[in-house]
Amino acid sequence: MVRSDDMAGQLLAGETERWSAYPSWRQFTWLYFFSLMSGLRGWLFLRFGVSGGEVWVAGAAILLVCAAILRHWAQYSLTSQRVIVKNGYTGREIHAMAINDIREVTIKQGPIAQFMGIGTLVIHSMRGDRLLSLRGISDPEVTKTRIEALMPKGHSVLIRQAASL
């Protein structure tokens, strides 16, 4: 798809946005954990008069800021014609795949992600040469259903028949 930089991040003619989200806060639980540990250590240092507690508390705050920055780094959008990954700060399109070019949508979830209700949607292109990953999606089954509902009717039947040949 050829487009000018002026059009980056804008919808195409006749295209409507159906869904938009950032990665879930739950994806960054590990950063919250390390921030909590650093903050507790800093608090204990301060409480018992050990030098360096301020540094640990500042480090905990920096980790929380990093989690907020990372969460908004990517923005996922589902339109009537495409699935788009945009930079959340500039709005520039990073990756996009046309709905008509989608062969399959799969969910990758480990046990912890499944417990937390998040997952990665992996979108495979028709030719199999491109993958689009949407990481840290809340309720990935719902989003997968939304994408599949936009795919042309009979599309999945043709794919299954071609795979069985």
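**Strands and a helix face in a predicted model**

Q75 stands opposite K86 in β3. This pair is a convenient way into the structure, which is a predicted model. The two strands concerned, β2 (74-79) and β3 (82-87), pair in the antiparallel sense over five bridges. A hairpin of two residues carries the chain from β2 to β3.

Before following β3 further, it helps to step back to the whole chain. Five helices and seven strands make up its secondary structure. Read from the N terminus, the elements follow the order β-α-α-β-β-β-β-α-β-β-α-α. Of the 165 residues in the chain, 33% are buried. Among contacts with a separation of 6 or more, 53% are between residues 24 or more positions apart. The accessible surface amounts to about 10,300 Å², and carbon and sulfur atoms contribute 61% of this area.

Returning to β3, this strand is mostly covered, with six of its six residues buried. Burial applies to both sides of the strand: R82, I84 and K86 point one way, V83, V85 and N87 point the other way, and all are buried. K86, the residue opposite Q75, thus belongs to the set that also holds R82 and I84. β3 also pairs with β4 (residues 93-98), again through five bridges and in the antiparallel sense. Here V83 has M97 of β4 as its bridge partner. The connection between β3 and β4 is a hairpin with five residues between the strands, and within this hairpin G91 takes a positive phi near 80°.

A further set of strands can be described in the same friendly detail. β5, β6 and β7 form an open sheet of three strands in the order β5-β6-β7, with antiparallel pairing. β5 and β7 stand at the edges with a single partner strand each, so one side of each has no neighbour in the sheet. Direction ignored, neighbouring strands of this sheet are turned by 20° against each other on average.

The pairings within this sheet can be traced through one residue of β6, L121. β5 (102-108) and β6 (118-125) run antiparallel and are joined by six bridges, and I107 stands opposite L121 in this pairing. Six bridges also connect β6 with β7, likewise in the antiparallel sense. On that side, L134 in β7 is the bridge partner of L121. β6 and β7 form a hairpin with five residues between them, and G128 in the turn has a positive phi of about 80°.

Which residues of helix α4 are buried? In this helix, which spans residues 140-150, they are P140, T143 and I147. Viewed down the axis of α4, these buried residues fall within an arc of 65°, so they line one face of the helix. The cover over them draws on several strands, including β1 (17-21), β2 (74-79) and β3 (82-87). Strands β5 (102-108), β6 (118-125) and β7 (131-138) are also included in the cover. The buried residues of α4 therefore bring the account back to elements already met: β2 and β3, which are joined by a hairpin, and the strands of the open β5-β6-β7 sheet, as the face of the helix that the buried residues line is covered in part by these strands.

Notes: Residues are numbered from 1 along each chain as its sequence is written. This is a predicted model: local features need pLDDT of at least 70, side-chain atom pairs count only at pLDDT 80 or more; totals for chains, interfaces and linings use all residues. Side-chain values use heavy atoms; hydrogens and water are left out. Buried means under 20% relative accessible area, exposed over 50%, partly exposed in between (1.4 Å probe, protein chains only). Helices (H or I, at least four residues) and strands (E, at least two) are DSSP runs, numbered from the N terminus. The arc is that of the directions from the helix axis to the C-beta atoms. Contact means heavy atoms within 4.5 Å. Two strands pair if DSSP finds at least two bridges between them. Axes are lines fitted to C-alpha atoms, for helices over the stretch in contact, and angles run from 0 to 180 degrees between N-to-C directions. Accessible areas come from the Shrake-Rupley method with a 1.4 Å probe; for residues, only the protein chains shown count as cover.
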